[in-house]
Amino acid sequence: MMFDEKMIDSLRARLAGEISEFRFRHTLGVEKEAVRLGEIYAPDKIPLLRAAALLHDITKENSFEKQLQLCSDLGIMIGDSEKKSPKTLHAITGAAVIERDFPEFADPELVSAVRWHTTGKENMSICDKIIYLADYIEENRTFEDCVWLRRYFWDGKPQEMARPDRLDHLSR
C-alpha cells in the first residue's frame, strides 16, 4: 500500500482537529523524527512511516474506561498485564481503530508499527523499530531519559555507519 503526499496532508489536517494541541505537537515531532530515521534506514518506507507516526497516538487521550470500551467494541481480548499497564493500551486500540476508522491506511506494516510503538516485541520490523524510537526521542520530549537517548543515538552518527553497524545501532 502506498500513501501519497495528498493522503498524508489530509490525515495530518484531520488529526489536528481530533487530538489536543499538545498531542498534535508530539505527533508532528514523531513524524519529523520518523522521516529522519527513515532517510537512513528505510528510504522507500518514508510515506508509510509518516502515516504511522501521525496515527501512533490516535487513542492516547482516551480514558482507561474508553480504552476498555474500544477493546470490547472491537473484539480485542486483553489480559491482566494490559489492564495493569493502562498507558500502553492505546497502542492496541490505536492499531485496531486504524483498521476501522482509517481503512485507507490499514497497511499491515503500518498497523504493526502503531501496535508495538510503546512496548516493542521480539523480531520487530524496521518500521516497528523506527516508530518505537521516533516516539521516544522526538525533539519535544524533555524527559531526561529521552534527551539522553536522543543524544546517544544521534551522536553515534548512524548515517555514517556501514549498514550492519547502523542496524545494530538502531536495535540497541
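How many aromatic pairs does a search of the whole structure find? The search finds 4, where rings of Phe, Tyr and Trp (its six-membered ring) pair if their centres lie within 6.5 Å.

Before you start, note that this is a predicted model, in which local features need pLDDT of at least 70 and side-chain atom pairs count only at pLDDT 80 or more, while totals for chains, interfaces and linings use all residues. Residues are numbered from 1 along each chain as its sequence is written, and side-chain values use heavy atoms, with hydrogens and water left out.

**Exercise 1. Describe the ring pair of Phe3 and Phe105.**

Step 1: A pair of aromatic rings is described by the distance of the centres and the angle of the planes. Planes under 30 degrees apart count as stacked, over 60 as edge-to-face and the rest as tilted.

Step 2: The centres of the Phe3 and Phe105 rings are 5.1 Å apart and the planes stand at 35 degrees, so this pair is tilted.

Step 3: Now place the two residues. Phe3 belongs to the segment before helix H1 (5-16), and Phe105 to the loop between helix H6 (89-101) and helix H7 (108-115), so the pair ties together parts 102 residues apart in sequence. Helices here are DSSP runs (H or I, at least four residues), numbered from the N terminus.

Step 4: Check the burial (buried means under 20% relative accessible area, exposed over 50%, partly exposed in between, with a 1.4 Å probe and protein chains only). Phe3 has a relative accessible area of 3% and is buried; Phe105, at 2%, is buried too.

**Exercise 2. Explore the surroundings of Trp154.**

Step 1: Phe153 and Trp154 make an edge-to-face pair, with 5.0 Å between centres and 90 degrees between planes. Both Phe153 and Trp154 are buried.

Step 2: Ring pairs join Tyr41, Phe153 and Trp154 into a cluster.

Step 3: Look for a charge over the ring (NZ of Lys or CZ of Arg within 6 Å of the ring centre and within 35 degrees of the ring normal). The charged end of Arg36 sits over the Trp154 ring, 3.7 Å from its centre.

**Exercise 3. Work out how helix H8 meets helix H9.**

Step 1: Two packed helices are described by the angle between their axes and the distance between the axes. Axes are lines fitted to C-alpha atoms, for helices over the stretch in contact, and angles run from 0 to 180 degrees between N-to-C directions.

Step 2: The axes of H8 (residues 126-137) and H9 (residues 144-155) come within 8 Å and cross at roughly 125 degrees. That makes H8 oblique to H9; angles under 35 degrees count as roughly parallel, over 145 as roughly antiparallel, 65 to 115 as roughly perpendicular and the rest as oblique.

Step 3: Contact means heavy atoms within 4.5 Å. Leu133, Tyr136 and Ile137 of H8 meet H9 residues including Leu149, Phe153 and Trp154.

**Exercise 4. Do the same for H1 and H3, then zoom in on Leu54.**

Step 1: The axes of H1 and H3 (residues 46-55) come within 10 Å and cross at roughly 10 degrees. H1 and H3 are therefore roughly parallel to each other.

Step 2: In H1, Glu5, Ile8, Leu11, Arg12 and Leu15 meet Pro47, Arg50, Ala51, Leu54 and Leu55 in H3.

Step 3: Leu54, in helix H3, is buried with a relative accessible area of 1%. Apart from its neighbours within four places in sequence, Leu54 touches Ile8, Leu11, Arg12, Leu15, Thr27, Leu28 and Glu31.

Definitions and conventions. Helix = DSSP H or I, 4+ residues; strand = E, 2+ residues; numbered from the N terminus.
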